[in-house]
Amino acid sequence: MTGIATGRTIPDRLQSRTYRALRSWETILLVVAVGVFVINSFASPHFLNAWNLSDATFNFTEKAMIAFAMAMLIIAGEIDLSVASIIALVSTAMGLAMQAGAGVPVLICVGLFTGLVCGALNGALVAGMGLPSIVVTIGTMSLFRGISYIVLGDQAFTGYPDGFDFFGQGYVWWVFSFELVLFAVLAVVFWLLLHRTNFGRAVYAIGNNATAAQFSGIRVARVRFILFLLTGLMSAIAAICLTSRLGSTRPSIATGFELEVVTMVVLGGVNILGGSGSIPGVVLAALIMGMVTFGFGLLNVPGIVMSIFLGLLLIGVIAVPRLLRGK
Amino acid sequence: MSIWRKALTTAALASVLMATTAAAENVKIALVVKALGIGFFEAAAKGAEEAAAELGDVEIIYTGPTSTTAEGQIEVINALIAQGVDAIAISANDPDAVAPALKKAMDRGITVISWDSGVAAEGRQMHLNPSSSALIGNTIIKLAADHMPEGGDVAILSATSTSTNQNIWIEEATKVLPNYPGINLVATVYGDDLADKSYREAQGLMSTYPNLKAIIAPTTVGILAASQAVTDAGKIGQINVTGLGLPSEMAGAVDSGATISFAIWNPIDLGYAATMIAYNLNKGTAKAEPGASIPMGRIGAATLDDNNEAAMSDPFTYDKSNIEQFKSIF
């Protein structure tokens, strides 16, 4: 802290400032989360109810699973806008497998494999050919969902086998749904991966300066490719949960999820230009978005008010650090 | 101290009593639509409020997602379950995807019906269609016949030759044709629901059948194109264009007289009827089972078929007297 005040050594200043900004951002999020929780509890008598809160977690769990991988991708300076379309394609692939008579384990494998293939395609185009990720994934966004539309048209896959409904509708223990537990486990896994491994350090290094990272011996292309694979895999897991929760597949499944996922990541304090951000921030952002949506729903506030609220929150997220820095 | 406590206890007791009586009195019915901000559904909400005012002890919660997604509707349904509403009446974005969430609602004792756009049978107690194929088929012929006291030639301008809905309606219309003596159906042509092709087909009808008195178009694209063709040919007053259309699109044709009247479902009635049915099912005055008859207030009663589906009524007729009111709605 005193280092900042005297401003003697430039590297120290940068590091401790970033560190401080990160810390303070998560603190702000925590305060907001607690605030939303308290306000909701007072605003509606139905909010503080274990089952209702459990139902409310379905508002964000699937999106948050993708947001973990997306956070790492954005920290590394890339983005994947095709995640919602990967969900559609994965769900369609599982539907086809189901029609062919596949059981639950095969369905899961088909889903995960399809997600990995989608991620690998994105990764190959971005990391392998050096194309800009935003353009590539806008392209694959249309491609993946387009295939779903060709396969399904205005039809739907229904009649998933018994037992498949567990992933989106089942409960592990009491009010803790499978999705909620999976969300918690994945949060820990991604926290370890980003904050406690060499791979995680490499992700930050690439996001801050890819060229410097390359010269420091980090295999930049490989890390990027793995990140896209990971995003594809997480989209597949989200697709399995969502398909199971809906009990059906339509090509319009998960429409607009990509923007909500990116919103979640940016709200979580991840720098959209890459280089900084954390998993706890994303977890808090997911909780805030889920609870605000649910709280507004309980009060029957039209969804558009929620959109306005989120828009303002997002602009605030980008503006507040800049204002603080300007000061 | 004790006075305070007494006062507080009384106040608390009074508020609890008031809360319980209020809860016991009001039936909370949620009208869930495909998305907020669509004129058709705003009109349905008006109908629901009308029913609520008539019933007296009903509170309408008009809600829906911002975009027409099943995921958004599920979030809304979960919030409604949490609030403990008494009934949900939904026009679904996806008949299958919302079914698990609605099934959960039914498990928790909530009355669930679908209207307009249905839900898979396991996700609702009954479904209310705005009308039925037989009623639509009869209506489109009647609309033409009503303005042809001496009879004469009529022609049908449909969508594509493979349009399932239109084909069923035309089939039903031909079935009831003998009930309208003097009405002579001379041709059925297809405009493929394309404005320019429908326009040309209408022109073709007028030149092929000089004695044509009416063109019946059971499609919103066809009726608009045909009324334009009749207007352009200067045959207003000779040929009446009728069928199924949207008030917002048809206001001009009704004004000019190219179309005397046309029909489509009335969203206000639909919202009204859905609310009435939800109320009656919730109160136990009617049961959702095949063959049952559920009262719908001023509209009559809905009779359920084997799939627990019912048709509300004849399509609603729009003419000079009411087009101004409806053209801003949908």
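**Exercise 1. Which residues of α9(A) are buried?** Then work out how they are arranged around the helix.

*Solution.* A friendly reminder before starting: this is a predicted model.

Step 1. Go through the helix and pick out the buried positions: E179(A), F183(A), F190(A) and L194(A).

Step 2. Look at their directions from the axis. These residues cover an arc of only 45°, which puts them on the same side of α9(A).

Step 3. Now turn to the face directed away from that buried side. There you will find the exposed residues V185(A), V188(A), V189(A) and L192(A).

Step 4. Ask what lies over the buried residues. The covering elements of chain A include α4 (61–75), α8 (166–169) and β3 (176–177), along with α10 (198–208), α12 (220–246) and α14 (279–298).

**Exercise 2. Check the length of helix α9 of chain A against the expected span.**

*Solution.* Step 1. The helix runs over residues 178–195, which makes 18 residues.

Step 2. At 1.5 Å a residue, a span of 26 Å is expected.

Step 3. The end C-alpha atoms are 25 Å apart, which agrees with the expectation.

**Exercise 3. Is D162(A) buried or exposed?** Place this residue in chain A too.

*Solution.* Step 1. Locate D162(A): it sits in the loop that links β1 (157–158) and α8 of chain A.

Step 2. Count neighbours. Inside 10 Å there are 8 C-beta neighbours, and a residue with 12 or fewer is exposed, so D162(A) counts as exposed.

Step 3. For a sense of distance, take G316(A), 154 residues away along the chain: its C-alpha atom and that of D162(A) are separated by 46 Å.

**Exercise 4. What is the strand order of the open four-stranded sheet in chain B?**

*Solution.* Step 1. Reading across the sheet gives β7-β6-β8-β9, with parallel pairing.

Step 2. Find the edges. β7 (183–190) and β9 (240–243) of chain B each pair on one side only.

Step 3. Add the twist, which averages 25° from one strand to the next.

Step 4. Zoom in on one pair: β6 (residues 152–158) and β8 (residues 212–217) of chain B run parallel over four bridges. In this pair, I156(B) stands opposite I216(B) of β8(B).

**Exercise 5. Which element gives the most to the side of chain B that touches chain A?**

*Solution.* Step 1. Begin with the contact: 23 residues of chain B meet 27 residues of chain A.

Step 2. List the elements of chain B giving two or more residues: β2 (58–63), α3 (70–83) and α4 (99–107).

Step 3. Among these, α3(B) gives the most, with ten residues.

Step 4. Sort this side of chain B by class: eleven residues are nonpolar, eight polar and four charged.

Notes: Residues are numbered from 1 along each chain as its sequence is written. Chains are lettered from A and ligands numbered from 1 in the order in which they are written. This is a predicted model: local features need pLDDT of at least 70, side-chain atom pairs count only at pLDDT 80 or more; totals for chains, interfaces and linings use all residues. The expected span of a helix is 1.5 Å times one less than its number of residues. A residue is buried if 20 or more other C-beta atoms lie within 10 Å of its own, exposed if 12 or fewer, and partly exposed in between; C-beta atoms are placed from the backbone. The arc is that of the directions from the helix axis to the C-beta atoms. Two residues are in contact if their C-beta atoms, placed from the backbone, lie within 7 Å. Two strands pair if DSSP finds at least two bridges between them. Axes are lines fitted to C-alpha atoms, for helices over the stretch in contact, and angles run from 0 to 180 degrees between N-to-C directions. Ala, Val, Leu, Ile, Met, Phe, Trp, Tyr, Cys and Pro count as nonpolar, Asp, Glu, Lys and Arg as charged, and the others, Gly among them, as polar.
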